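The following exercises concern helix packing and buried charged residues. Each task is followed by a solution in steps.

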Amino acid sequence: MNNAHAQNDKAAKVPADTRVADDPYQWLEDIHGTRSMDWVKQQNAVTTKQFVDNAEFVKTRDSILEVLDSDARIPDVNRMDGWLYNFWRDQAHPRGIWRRTTLDEYRKTEPKWQLLLDIDALNKAENKRWVFKGVQCLKPKFERCLISLSPDGGDAVNVREFDMASNSFVKGGFELPVAKTEVDWIDDNTIYVGTDFGPGSMTESSYPRIVKQWKRGTPLSSAATVYEGKPTDLAVSASHDRTPGYERDFVSVAKDFFHSELYQRSGDKLTRVDVPTDASADAHREWLLVLTRSPWTIGGSTYPSGALLATKFDDFMAGKPAFTVLFKPDAHTSLASYNWTQHHLILDVLDDVKSRVEVLTPPQMETPEGDWKREAMPGAPAMSTISVVDTDPDHSDEYWLGVTGFLTPSSLQRGVLGSVPAETIKHEPAFFDAAKFEVSQHFVSSKDGTRVPYFEIAPKGMKLNGANRTLLYGYGGFEVSLQPHYSGSIGRAWLDRGGVYVVANIRGGGEYGPQWHQAALKANRPRAYEDFAAVAEDLVKRGVTSAKHLGAEGGSNGGLLMGNMLTMYPQLFGAIACEVPLLDMKRYSHLSAGASWMAEYGNPDTADWNFIKTFSPYQNLHKDGHYPPVLFYTTTSDDRVGPVQARKMAAKMQAMGIPNVWFYENLEGGHGAGADNKQAALMHALAYDFLWDQLK
């Protein structure tokens with residue numbers, strides 16, 4: 001058993017007094033136990049025989065895999081010291097290769113790449129199944145990097161130091177065993193590290209509680225403690241800003257998913273960056289940016305939630321804030337993200353869930369009392385998303401933009417603010433014939449009168465006869481926005497068959513800023529479910545589909561959404577695909593990383609259970625309920641939500657004699673569809689074929 005699995009087991013084997021006496025399926029919480037895995041294998045065999053072992057499934061899976069493996073996809077890049085870096089998976093490299101090239105080469109149809117690390121070759125040499133999880137390189141030369149490798153696709157990783165000059169791991173360099181780990185470079189010979197230092201060093205949410213400063217050549221046990229959080233904190237981390245002239249160190253203490261404390265570290269002294277705990281603070285050069293989540297009164301002014309504010313960092317730390325409002329939301333707009341270049345700030349604004357981009361220029365050092373200048377960047381196509389992919393805030397005003405839409409293949413643009421206008425560098429091919437379809441945006445009144453938007457992608461000239469097989473997708477949590485995006489997989493596996501695809505922008509997400517998210521927190525969680533149900537009802541009312549032809553799909557928090565559609569609104573759907581879900585909300589905070597989400601859902605071990613139980617699908621099943629066919633899929637290696645909730649829900653429904661309950665569990669992939677493209681294609685094809693078959 002490796003450390004990642006041990007981490008999962010520690011999350012599963014909780015003290016007896018946290019267990020639920022009347023739950024006969026808790027034995028499935030023993031994630032890697034023989035009895036549990038025998039049950040999983042039996043379920044997988046039944047589901048495979050029903051949906052996988054046929055020519056139609058092979059056609060769907062191979063069509064999706066062709067998209068995922070296509071050499072014509074855009075190789076996403078990030079710039080480091082004049083090089084463009086990319087991680088790439090395809091048929092020849094299922095686990096992927098890390099590589100780099102120059103800008104001149106990248107512009108070519110077939111760039112020449114310099115191979116840095118081949119994960120498949122590494123796995124062969126070490127007899128492992130590593131999954132690449134990212135890299136952090138030491139500025140400004142980027143000659144040494146810390147590479148994270150997961151043994152099974154989960155969040156727990158092995159961290160190793162890598163040398164660019166030799167394209168090899170550093171013998172005797174920084175290395176950490178598999179755990180949920182956070183690292184950051186301080187200098188050539190020192191890093192910050194938060195990891196599993198032994199018993200009691202992780203939070204109740206299963207993330208690092210202690211952050212240390214570790215010197216090269218010394219044992220980890222001798223690393224100096226920088227900060228020690230509480231077991232009830234979500235996570236603790238530290239970082240070093242190497243911007244020349246503005247070198248700073250910070251310690252971040254996440255209290256929960258939406259509240260944190262930021263401290264500036266000077267030697268052994270920690271000074272609080274005194275912004276509200278629910279706001280985010282970001283230092284760049286001389287500036288401090290604050291993004292509010294709730295109204296904030298300071299200096300005689302009150303700023304609304306969802307506002308972006310700017311002031312001089314040193315002035316703020318000295319108790320002399322003077323904020324400028326850079327963005328203020330209204331009924332239709334929210335700030336999706338912001339990104340610095342060397343001299344400018346790029347804002348990605350959502351206007352009724354569609355993108356527009358603004359460029360802000362702060363006052364120059366020589367005219368510090370001047371105003372911030374604002375100008376619009378040429379907009380994206382209608383019904384699309386334009387987002388900043390990469391910038392170079394230390395050295396230039398270069399920026400890279402991703403442009404995508406439901407029917408617009410993604411493109412990658414590059415420009416330099418003030419000198420080089422954006423030009424398209426790469427363009428993804430069309431994986432399906434978009435000319436046959438059209439995108440529209442609709443709005444529906446939810447149960448409480450709230451105006452809820454949704455996008456519809458449908459065949460042109462579609463007959464509104466209620467007979468169209470329609471797939472409704474949603475998430476509705478953690479301030480995550482569902483924006484327009486191009487998917488060759490959805491195009492081939494759903495639209496090309498004649499299906500309608502719908503994305504619901506329900507409360508709980510971030511489509512209209514923090515207030516849209518907070519409207520569905522804790523006791524108000526059912527508002528998200530009412531919104532989704534309202535969209536489903538509107539699709540029927542408009543004649544797009546009918547209940548027997550309407551399917552729903554969602555994963556993670558969206559899996560909880562699906563569980564509540566199943567138990568609260570079964571009459572609205574013909575079938576449901578429920579993926580890597582939360583479902584047992586009585587036990588969720590004791591399973592895997594579940595304790596980290598209590599700010600979203602509440603604490604079921606307190607009086608919060610009085611409202612949580614109203615949206616806990618596992619507890620709300622009824623033997624005499626009439627439920628639509630449902631497919632649960634999850635992964636054994638998911639150390640975030642974990643596989644046990646999907647297991648228990650399926651087992652309970654089957655024991656109740658409820659028909660058409662299907663379950664599939666992939667061994668690898670973590671909190672995702674799979675550890676490689678082939679696994680991902682299988683999982684996506686399984687969901688689409690299941691829904692297509694059930695909704696006929």
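The model is predicted.

**Exercise 1. Determine in which hand helix 9 passes helix 10, and describe the contact between them.**

Solution.

Step 1. The crossing in which helix 9 passes helix 10 is right-handed.

Step 2. Helix 9 covers residues 526-541 and helix 10 covers residues 557-568; their axes come within 10 Å and cross at roughly 70°. Angles of 65 to 115 degrees count as roughly perpendicular, and helix 9 is therefore roughly perpendicular to helix 10.

Step 3. Helix 9 contributes Ala-528, Tyr-529, Phe-532 and Ala-533 to the contact, while helix 10 contributes Leu-560, Leu-561, Met-562, Asn-564, Met-565 and Met-568.

Step 4. Sorted by class, the residues of this contact are nine nonpolar and one polar, with no charged residues.

**Exercise 2. Establish how the axes of helix 3 and helix 14 are placed, and which residues meet.**

Solution.

Step 1. Helix 3 spans residues 55-69 and helix 14 spans residues 677-694. Their axes cross at roughly 135° and come within 8 Å.

Step 2. The angle falls in none of the ranges for roughly parallel, antiparallel or perpendicular axes, so helix 3 and helix 14 are oblique to each other.

Step 3. The crossing of helix 3 with helix 14 is right-handed.

Step 4. On the helix 3 side, the residues are Glu-56, Phe-57, Thr-60, Arg-61, Ile-64, Leu-65, Leu-68 and Asp-69. They meet residues of helix 14, including Asn-677, Lys-678, Leu-682, His-684, Leu-686, Tyr-688 and Asp-689.

Step 5. The contact of helix 3 with helix 14 comprises ten nonpolar, three polar and five charged residues.

**Exercise 3. Describe how helix 2 packs with helix 14.**

Solution.

Step 1. The axes of helix 2 and helix 14 lie 10 Å apart, at an angle of about 65°.

Step 2. The two helices cross in a left-handed manner.

Step 3. Thr-47, Phe-51 and Val-52 of helix 2 make the contact with Leu-686, Phe-690, Asp-693 and Gln-694 of helix 14.

Step 4. The contact of helix 2 with helix 14 has four nonpolar, two polar and one charged residue.

Step 5. Comparing the lists shows that Leu-686 of helix 14 belongs to the contact with helix 2 and also to the contact with helix 3.

**Exercise 4. Is Arg-160 buried or exposed, and which side chain makes a polar contact with its side chain?**

Solution.

Step 1. Arg-160 is in strand 7, which comprises residues 157-163.

Step 2. The relative accessible area of Arg-160 is 9%. Buried means under 20%, so Arg-160 is buried.

Step 3. The side chains of Arg-160 and Glu-126 make a polar contact of 2.9 Å.

Step 4. Beyond its neighbours within four places in sequence, Arg-160 is in contact with residues including Leu-122, Glu-126, Trp-130, Phe-169, Phe-174 and Glu-175.

Step 5. Ser-148 is twelve residues from Arg-160 along the chain, and their C-alpha atoms are 6.7 Å apart.

**Exercise 5. Locate Asp-23 and state which residues it contacts beyond its neighbours within four places in sequence.**

Solution.

Step 1. Asp-23 is placed in the loop between helix 1 (3-12) and helix 2 (34-52).

Step 2. With a relative accessible area of 11%, Asp-23 is buried.

Step 3. A polar atom of the Asp-23 side chain lies 3.0 Å from the backbone nitrogen of Tyr-25.

Step 4. Between the side chains of Asp-23 and Tyr-618 there is a polar contact of 2.6 Å.

Step 5. Setting aside neighbours within four places in sequence, Asp-23 contacts Asp-584, Tyr-618 and Lys-648.

Note on methods
Residues numbered from 1 in each chain as written. Predicted model: local features only at pLDDT ≥ 70, side-chain atom pairs only at ≥ 80, totals over all residues. Heavy atoms only, no water. Axes fitted to C-alpha atoms, helices over the stretch in contact; angles between N-to-C directions. Parallel < 35°, antiparallel > 145°, perpendicular 65-115°, else oblique. Left-handed = near helix turned anticlockwise from the far one by under 90°. Contact = heavy atoms within 4.5 Å. Nonpolar A, V, L, I, M, F, W, Y, C, P; charged D, E, K, R; others polar. Buried < 20%, exposed > 50% of the residue type's maximum accessible area, 1.4 Å probe, protein only. Polar contact = N/O pair within 3.5 Å; in protein donor to acceptor, adjacent residues only side chain to side chain.
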